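Here are a few notes to help you find your way around this one. Have the structure open while you read.

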Amino acid sequence: MKLLITGGAGFIGSHVVRRFVQNYPSYHIYNLDALTYAGNMENLKDIENNSNYSFIKGDITDEKFINALFSEHRFDGVIHLAAESHVDRSITDPLAFAKTNILGTMILLNAFKETWKGNWSDKLFYHVSTDEVYGSLGETGLFEETTPYDPNSPYSASKASSDHFVRAYGETYGLPYVISNCSNNYGQNQFPEKLIPLFINNILTDKPLPVYGDGKYTRDWLYVLDHAIAIDLVFHKGQTTETYNIGGFNEWQNIDLMKLLCDQMDLKLKRPVGTSQKLITYVKDRPGHDLRYAIDASKINKELGWKPSVTFEQGLSITIDWYLNNEEWLSNVTSGSYQNYYTKQYS
Ligand code: NAD
Ligand code: DAU
């Protein structure tokens with residue numbers, strides 16, 4: 001099995017790559033990543049010399065390069081995670097999201113189609129997608145696999161579009177695919193532009209904790225290693241042409257999550273509980289901010305036996321410990337261009 005994993009130097013991708021390299025010694029794992037601001041070779045230091053692992057630096061939007069790569073390696077499977085992934089960045093630079101998330105996905109689909117030309121036995125294209133394609137929920141209800149797509153941000157619209165292209169290649173060319181749509185991930189190695197690592201970093205550096213709007217937006221949080229386990233199951237046991245929703249059964253209003261995070265940080269930093277909460281600052285809302293996401297993950301639970309393995313309190317505690325023990329990782333990724341991003345986004 002020659003397996004291409006795209007975006008493997010990023011947050012979720014690095015955990016997926018590690019899991020496959022360690023658990024499937026008979027596979028060769030090729031990690032293709034452009035190393036954008038979100039990609040980091042440090043994330044995979046521990047497995048970089050494994051004999052069943054190769055890193056390839058490259059851009060999924062470079063059609064000539066991707067076609068040559070597929071001709072050379074004839075990948076049996078693809079797990080596609082490479083993407084522009086941050087909603088706030090999609091609001092300031094929507095075209096970058098269209099290019100990577102839509103065009104990049106199409107270029108990969110096309111190269112896979114041209115490699116196998118209909119000889120699809122034991123081949124699979126797995127597209128890792130998001131629950132944001134379903135839009136926003138009101139105060140009740142859950143996203144099911146049959147919920148109509150209704151994306152609101154340039155990020156979610158680009159992911160919805162890429163999902164549609166994956167399905168279209170399945171319908172039109174018979175390309176075997178599977179899609180999963182997951183809720184908010186958290187855990188070690190997440191770039192500190194996303195809520196939880198951004199707040200951890202700001203608490204450590206005594207900066208304000210920016211709460212968008214009234215803080216009553218709700219997300220369904222899943223520990224990243226549980227997502228990696230789900231991806232492994234869907235890749236090996238999922239039905240082709242099916243979609244699987246993946247979620248944590250774990251809804252939190254932002255402000256409640258922020259207070260829990262602040263209190264856990266105070267305990268770990270051995271200072272009076274309440275110290276970090278004083279940094280909470282209400283700021284201008286995100287335009288088009290989705291009110292609530294919540295996943296009905298009963299299909300993957302019933303069909304593939306998956307459920308989250310840790311509670312939120314456990315996962316959050318492991319995550320905070322990781323950031324506290326990896327201050328060098330954090331300071332490396334928050335120097336340079338991060339400072340420009342931060343100033344532009346939050347000033
Ligand atoms: P991330 O931003 O941490 O990592 C993305 C990776 O893709 C980086 O390593 C980056 O270098 C690489 N990349 C970006 N553009 C590329 C290009 N043109 N060519 C090659 N590589 C490129 O993202 P993440 O949070 O790990 O998300 C991974 C995937 O999972 C994305 O497709 C995202 O939409 C999806 N997803 C994320 C979450 C979440 O909560 N983070 C939830 C559900 C789904
Ligand atoms: O639902 C899955 C999605 O979750 C993934 O597809 C995306 O790649 C991932 O980025 C994430 O999107 P969100 O926009 O939900 O995540 P983010 O961490 O940016 O924000 C979580 C919530 O916190 C959201 O309601 C916005 C709010 N927020 C975020 C930041 C960065 C703040 O209030 N302040 C902040 O500074």
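The points below cover the surroundings of the ligand and then one pair of helices.

1. First, a caution: this is a predicted model, so please read the values below as computed from that model.

2. Start with ligand 1. There are 29 residues around it, and I12, D33, S85, Y155 and K159 come nearest. As for their make-up, the shell divides into 13 nonpolar, twelve polar and four charged residues.

3. Now zoom in on some polar atoms. Two oxygen contacts are worth a look: a backbone N or O atom of I12 sits 2.8 Å from an oxygen atom of ligand 1, and a polar side-chain atom of Y155 lies 2.7 Å from an oxygen atom of the ligand. On the nitrogen side, a polar backbone atom of A34 is 3.1 Å from a nitrogen atom of ligand 1.

4. How much of ligand 1 does the protein cover? On its own the ligand has 840 Å² of accessible area, and the protein covers 96% of that. Elements giving two or more residues to the shell are α1 (11-23), β5 (124-130), α5 (154-173) and β7 (184-186). Of these, β5 gives the most, with three residues.

5. Moving on to the helices, look at α6 (residues 195-204) and α12 (residues 337-346). Their axes come within 14 Å and cross at roughly 100°, so α6 and α12 are roughly perpendicular to each other.

6. Which residues meet where α6 and α12 touch? From α6 you'll find L198, N201 and N202, and from α12 Y338, Y342 and Y346. By class, that contact has four nonpolar residues, two polar and no charged ones.

Technical notes. Residues are numbered from 1 along each chain as its sequence is written. Chains are lettered from A and ligands numbered from 1 in the order in which they are written. This is a predicted model: local features need pLDDT of at least 70, side-chain atom pairs count only at pLDDT 80 or more; totals for chains, interfaces and linings use all residues. Side-chain values use heavy atoms; hydrogens and water are left out. Axes are lines fitted to C-alpha atoms, for helices over the stretch in contact, and angles run from 0 to 180 degrees between N-to-C directions. Helices (H or I, at least four residues) and strands (E, at least two) are DSSP runs, numbered from the N terminus. Angles under 35 degrees count as roughly parallel, over 145 as roughly antiparallel, 65 to 115 as roughly perpendicular and the rest as oblique. Contact means heavy atoms within 4.5 Å. Ala, Val, Leu, Ile, Met, Phe, Trp, Tyr, Cys and Pro count as nonpolar, Asp, Glu, Lys and Arg as charged, and the others, Gly among them, as polar. A residue is near a molecule or strand if one of its heavy atoms lies within 4 Å of it. A polar contact is a pair of N or O atoms within 3.5 Å; within protein, one must be able to donate a hydrogen and the other to accept it, and residues adjacent in sequence count only if both atoms are side-chain atoms. Accessible areas come from the Shrake-Rupley method with a 1.4 Å probe; for residues, only the protein chains shown count as cover.
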